[in-house]
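Hi,

Here is the structure I promised to pass on. Have a look at it first, and my notes follow below.

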Amino acid sequence: MDLLHLQNKNILQLSGGEQRRAAIACLLAQTPSIYLLDEPINHLDITHQHQLLQHLQYLATNQAAIVMSLHDLNIAEKYCTHLILLSAEGLVAGSKQDVMTANALSNLYAHPLQRLSSNNLVYWQTKSAIIDATSTV
């Protein structure tokens, strides 16, 4: 969790992200067989987000079950294999390919979304975020 250089600091002197990484390090040290995580990448910078998610992905593949809440569709697309979408109408659960559809996500967020891909990377964005190259601002 990239904390060794902070080993002599009081936990209260650490930033929010550093405190979050310390809490996650304590959890990882316990090596549970099931991880229940609520927004584990909250307060982490991009580098630490991806380091943690890669480690969780490794754990999920080799030794543990990981259940976590995420709000970032692009992170879910990259790191998750199965999803549960929770809405007022109920839930939709299944493999990422079955659950992460433009229709299901647009309904969930009550906003039009679309799946885009480039160079074997997939990402989600709102349709309203797309600017027509021929329009003027």
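**A glutamate and two pockets**

Glu18 touches Leu3 and Leu6, leaving aside residues up to four places away in sequence (contact means heavy atoms within 4.5 Å). Before you read on: this is a predicted model, where local features need pLDDT of at least 70 and side-chain atom pairs count only at pLDDT 80 or more, while totals for chains, interfaces and linings use all residues. Residues are numbered from 1 along each chain as its sequence is written, and side-chain values use heavy atoms, with hydrogens and water left out.

Glu18 sits in helix 1 (residues 16–29); helices are DSSP runs of H or I, at least four residues, and strands are runs of E, at least two, numbered from the N terminus. Glu18 is buried (under 20% relative accessible area, 1.4 Å probe, protein chains only). It has no salt bridge (a side-chain nitrogen of Lys or Arg within 4 Å of a carboxyl oxygen of Asp or Glu). Arg21, the nearest side chain of opposite charge, is 5.2 Å away (Lys and Arg count as positive, Asp and Glu as negative; His and the chain ends are not counted).

Now the pockets (open sets of points on a 1 Å grid over the protein atoms alone, where a 1.4 Å probe fits, with protein on both sides within 12 Å along at least five of seven lines; lining residues have an atom within 4 Å of a point). The largest holds about 770 Å³, a volume being the space filled by probe spheres set on the points, which are joined across faces, edges and corners. Of its 26 lining residues, Met68, Ser69, His82, Leu83 and Ile84 are closest to the centre.

The second largest pocket has about 210 Å³. Helix 3 gives the largest share of its lining, 4 residues.

Methods
Buried means under 20% relative accessible area, exposed over 50%, partly exposed in between (1.4 Å probe, protein chains only).
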